[in-house]
Each structure stands twice: as C-alpha cells, then as structure tokens.
Amino acid sequence: MSAAERIPGVEVRHDAPSESALREVVFDVEGLTVAYGGKPALSGVSLEVYKNFVTAFIGPSGCGKSTFIRCFNRMNDLIPSATVDGTILYHGEDLYGREVDPVEVRRLIGMVFQKPNPFPKSIYDNVAFGPRVLGLKDGLDDRVRHALEQAALWDEVKSRLKESALSLSGGQQQRLCIARALAVEPEVILMDEPASALDPISTTRIEDLMDELKREYTIVIVTHNMQQAARVADMTAFFSVEVDENRDARTGILVEYDVTTKIFTNPSDQRTEDYVTGRFG
Amino acid sequence: MRVGFHEALDQLEASLQEEGSLVLRVLRGAVTALVGHDLELADEVIAFDDEVDSRYFAIEEGIQDLLARQTPVATDLRLVLAVLHINLHLERMADYCVTIAKLVKLAPDVAGDPTLVEGFQDMGARAEEMIELAMDAFAKRDLAEAESLVELDELIDRANRRVVQHVLSLGSDPKLQEWGLRMMIVSRCLERIGDHAVDVGERVAYLVTGEFREFTDASR
C-alpha cells in the first residue's frame, strides 16, 4: 500500500484505483539531490506533499531536512555554491524551470524561519510590506487585519499597530512573521523550526495555528521536536545521514515517509524505529 | 540513547512476567484446593490475591509514569500498551482463581463426581499451560506461539461444555445438586482464564505486528 492510500479520510478502492480519490499533490519531488560546493548534502529524495496537509520533516542534525525545505521556494538559489538536481513539480510545473520567476515562487510559497525576524518597523508595516512590494495596495488595511487574524495575533495588537514589531514577545513576533507570510496570499507555508526558540505556551499557539491554517494552506514544517511532528503533522518524513567514511562524506537521505500515526506507532524501517524511540546515536 | 527510559521499560516487562508467575501459583493453588477440598489452602489462595493486586497496581503506576514523562512511540508505545492490557488480563485471571477458592469453601462437603473433579484438574493444567505459553510468546515476541493459544483454548471450551451434562446427571440429592451448580461456576472460571490467555496472545500479536485484531470471531 502506498503512503497516499493510507491517508486518513482518503478512500482508495483497490479494485479500481482512481486518481481523483487521492488527495491533490502540491509538490511532486523526484530524485532530488542538493550539493554545496560539489558535496551532496541531500541525495535522491522522492516524495509527494499533499494539499491542505501539514507535512513534517524530522531527523538528526545534518540529515538535510532544512536543505530540503529550502528547495520548495528556491531559497537555495541564493547560495552560489548550491546545485539542485532532480525535479520538484509544483502542481505539475517544474519549480526550477527556466521560465519560472523565483520571486513569484516565494510569493506562492512563503517561509517562516526558526528565529522570528520582523523588520525594525511597525507591526502594521511588517505585514503590509509584502503586499506593497507586490503592488497590492487596494484594501491594504483589510489585508493586514485579515493576515493578523489568521495568525491569531489581531486581538493582541489591534490597538498598537503603529508600535515597533520589536516590542512584541518572541511568540508574538513569530506569529507576526506568519501573518507577514500570509499577507501575500500564498498557497504553501514552509516553516523551518518555527517554535524552537519559543516557550511552551507560545509553541502551543503556533501548533494550534498550524491546525487552523491547514484548512486554507498547505504547510511543510521542519522540526527537531519529534513530538511536535507527532502532534501537528498529517504526514511525516524521516531523514537520516548516510556516512561514507572512505570519502569522509555525510549525505542526507529520506528513509521513510508515511502517515504520521504510522511513523509513531509502527514504522516500516528499523532506522526510523531507532530514531523515534531514542535508540539512535 | 534514552537509557533510563528503556531500563524502566525493561523493568516493567520483568515485573509483568513476575505477575504471570504469581498467577500460575494462585491457579495451581485454587485447583489443588478444589480437588482436595482443602479449605485452608482455599483461604491462602484468597489472601494471595493481594500480592497479585499490588503487583498489578505497581505496573499500572509504572505505565502512568512512562506515559506522562517519556512519551513512548513505535515499538515502545506498543509495548507499553501491551503491558497495560496484559496486566489487566493477569489480574482478572487471579480474580477467577479467588472465585474458585471461594466456591471450594461454599460447596457442600460431599463426595462429588470424580470424573468432573478429574476434568477440572485437566482444565487447570491446560489453563496453566496457556498462561505459560502466552507469557513465553510475549517474552519472545513470538507470533506463531501466541496464535497457537486458540487451539488450546478450544480444548478448555469443550471441557467446559461437557460439565453441564455431568451436572445434569448428578441425580436428585440436593447437596450434590448444589455442589454441581457451584462446580459449573468453577468450570466457567477456568474457561474464562483460558480466554484471557488468548487475549494476552492477541496483545503479543499487536506488539509484533502493530495491528489490532482478534484471533477468533466470537460471533461465529
């Protein structure tokens, strides 16, 4: 049975498999290899990311999970020594095709980073920045409000929108960064360790938020916190590091990708089992 | 490595095996008291249940601690869940042994049907074998051994069904009839112990395969 066939809420009739019965694929990754300065950081990854799901990437340090998530909005383009081989289809279109504009990619596929990184501007301007750059000036106030509401921050900041974003707490700053990503109406939100710098209450708010946001967006998250993946993700991919001692090389590989419950109750691969149960390293 | 956690898990499993040994002792005691109409031994069996209960609660507390603090997943999670269920099954088996001991004390002191008494000895031995097999399958994570419990259980079930015929043929002596009625419950207790051993086997199968299923369909 393929991973897609086990997705909760998706019924697959084995006698008559039907494409339409499967969940819509947002990203179709095939044989992806990323190298920095000729050294592969991640090798031969193939998986599908499904619409309106939270998909989590877990694995030890150096397994390439952050490298991988950065491929989805072409962030690796910004690193001169990085090369990306293989294909990532975004709704069937080659994300790395020559005619594709990386700026447009990053509008459709937003990103939130580990450390909240608001601009040293007002709360309002932080959220309005993206739409202004894209020339979306009509109804800007409504757009800002809507994004802040979606990020579950509006009630806390509505009376002080002109104050500096830096006056907010860490958890609020992270939700502001999520609002900033939402303001340009993306389809996908990539989150690289979005809660690792936050306290438990702020972490819970971000996790609750992911659950809300996935109704409208597709979310991909990298997390060090396995239990966070278990709590928030519909699908989980486990990455590991393959060490080639002869060449002194360490390469990230995808070990297993499945429905989150399966990964955390009965994983198929012993390496996943060893990692999630803490028998690794 | 989560050394402390895995040690705690190992201890929990060892403790469950010890509980299994206690249940075997209490079952042996109950059947011996029954066959020899030994009221003193019956009292000991009843008192011994406290030992099983304290082990049962200690295991439950250990599970609570692991779930609250360690968030077990994958095999560890399945093991914790298996221990949780098997613990309860063992405790129930011990309770059935206590019921048998109480029935020994309640049954009138008459020379009962020797065939029936011999049958209980056999059923008791069979139940012991099933508990040993179930706990061994658990220790070895042996799916085939766990599944073999179904056949053994069928033997106890058949013996239990024969008891009714024997009791009906005991005659009209009211004391003998009362004895017979009490013995029907004894038989039922032994039969239920076999069922619980099968349930333990099902938990072993879950632990090994990750799938929830019953070995046999009770509705058939």
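**Chain B's fold, strand S8 of chain A, and where the chains touch**

Colleague: What radius of gyration does chain B have, and why does that agree with a compact globule?

Modeller: The radius of gyration is taken over C-alpha atoms, and the globule rule is 2.2 Å times the number of residues to the power 0.38. For 220 residues a compact globule would come out near 17 Å, so chain B agrees with its 19 Å.

Colleague: Before we go on, what kind of model is this?

Modeller: Local features need pLDDT of at least 70 and side-chain atom pairs count only at pLDDT 80 or more, while totals for chains, interfaces and linings use all residues, since this is a predicted model. Residues are numbered from 1 along each chain as its sequence is written, and chains are lettered from A and ligands numbered from 1 in the order in which they are written.

Colleague: Which pattern does chain B follow along the sequence?

Modeller: Helices (H or I, at least four residues) and strands (E, at least two) are DSSP runs, numbered from the N terminus. Chain B has seven helices and zero strands. Read along the sequence, that gives α-α-α-α-α-α-α.

Colleague: How much of chain B counts as buried?

Modeller: Buried takes 20 or more other C-beta atoms within 10 Å of the residue's own, with C-beta atoms placed from the backbone. The C-alpha trace spans about 70 × 40 × 25 Å along its principal axes. Of the 220 residues of chain B, the buried share is 40%.

Colleague: Over in chain A, is strand S8 mostly covered or uncovered?

Modeller: On one side of S8(A), A:Thr218, A:Val220 and A:Val222 are buried, and on the other A:Ile219 and A:Ile221 are too. With five of its five residues buried, S8 (residues 218-222) is mostly covered.

Colleague: How many bridges join S7 to S8 in chain A?

Modeller: Strands pair if DSSP finds at least two bridges between them. S3 (residues 54-58) pairs with S8(A) in the parallel sense over four bridges, with A:Phe57 partnering A:Val222. On S7 (residues 188-192), A:Val188 stands opposite A:Thr218. S7 and S8(A) also run parallel, and the number of bridges joining them is five.

Colleague: Which helices of chain A each supply at least two residues to the side touching chain B?

Modeller: Contact means C-beta atoms, placed from the backbone, within 7 Å, and eleven residues of chain A are in contact with eleven of chain B. The helices that each supply at least two residues of that side of chain A are H8 (226-232), H9 (260-265) and H10 (270-276).

Key:
Two residues are in contact if their C-beta atoms, placed from the backbone, lie within 7 Å. A residue is buried if 20 or more other C-beta atoms lie within 10 Å of its own, exposed if 12 or fewer, and partly exposed in between; C-beta atoms are placed from the backbone.
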